Amino acid sequence: MRVVRLYDIKEYLQSYANAISNILKIDVEIVDENLNRIIGTGFYEEKVGINIKKNGLVYSETLRTRKMQVIENPGKNKLCKKCIDKDNCFEKMEISYPIYYGEDTFGVIGLVCTSDQQREALMENFESIMAFIGHMSELIAAKIVEQNEEMIQRKNLVFLKQIINSVNDGVIVIKNNNIISSINLKGIKELGVNTNIVGQSIKVELTEYYLQESQIYNVEIDGKKY
């Protein structure tokens, strides 16, 4: 289940786009899987938030195939035939690189040359630049996966708390390092404690005694016995 998308890490993306743009001296844009421009530098900086389905046909192909597209003749390439700006294209060269992990495709990194000097510099260092962009794509995908896992864990924790608060017994959830991660309302009432015990250490010891066929334990929380 994916709950995090490119938009959710746009500050992180902006720093990457700026780094790419400053190093390569070309404009950079990053679009999501729905072709919404999330990040832009230079010419595209003021065009963030725009959906480019009508003129982002190269990016559509990149998303579909999950393969890099190199357009050396923007406006005349076969992928540009249905673009509404093909007759007024100001780009000198365009490269689009997919951002994906496993079966999930997150978006595209676009490198756009708007001058002959930019185009020449890109062609002269093509292999090293592609390796650099590929690495950036992997870092972005890894960040999304990491954020997604953290978000799912937080949602699961909220769900767990809802469950333990719905039962009639006192419940304390303990991490494997004997630190309390949560306690339900019944547990707070039974022990006469506050929620500030979350994060404190706990020690649970089985005794030899029983009460109504239930075993009795000694519980020590941050040095205090119950």
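Begin by selecting strands E4 and E5 in this predicted model, where the two strands form a hairpin with 2 residues between them, and zoom in on the turn to find Gly102, whose phi is positive at about 60°. Extending the selection along both arms, to residues 93-101 for E4 and 104-113 for E5, shows an antiparallel pairing that runs over 9 bridges; one place to check it is Ser96, whose bridge partner in E5 is Gly110.

Next, keep E4 on display and add strand E3, residues 69-71, which pairs with E4 in the antiparallel sense over 3 bridges. Within this pairing, Val70 can be picked out opposite Ile95 of E4.

Then move to residues 202-211, strand E8, and bring in E9 and E10 to display an open sheet of 3 strands in the order E8-E9-E10, with antiparallel pairing. E8 and E10 are the edge strands, each pairing on one side only. Strand E9, residues 214-221, meets E10 over 2 bridges, and Ile221 has Lys224 of E10 as its bridge partner.

Finally, select the whole protein chain, which holds 5 helices and 10 strands, and orient it along its principal axes, where the C-alpha atoms fill a box of roughly 85 × 30 × 30 Å. The radius of gyration is 27 Å, whereas a compact globule of 226 residues would have a value near 17 Å. Colouring by accessibility will show the buried residues, which make up 36% of the 226, while a surface view covers about 14100 Å² of exposed area, 47% of it supplied by carbon and sulfur atoms.

Conventions
Residues are numbered from 1 along each chain as its sequence is written. This is a predicted model: local features need pLDDT of at least 70, side-chain atom pairs count only at pLDDT 80 or more; totals for chains, interfaces and linings use all residues. Side-chain values use heavy atoms; hydrogens and water are left out. Two strands pair if DSSP finds at least two bridges between them. Helices (H or I, at least four residues) and strands (E, at least two) are DSSP runs, numbered from the N terminus. The radius of gyration is taken over C-alpha atoms; the globule rule is 2.2 Å times the number of residues to the power 0.38. Buried means under 20% relative accessible area, exposed over 50%, partly exposed in between (1.4 Å probe, protein chains only). Accessible areas come from the Shrake-Rupley method with a 1.4 Å probe; for residues, only the protein chains shown count as cover.
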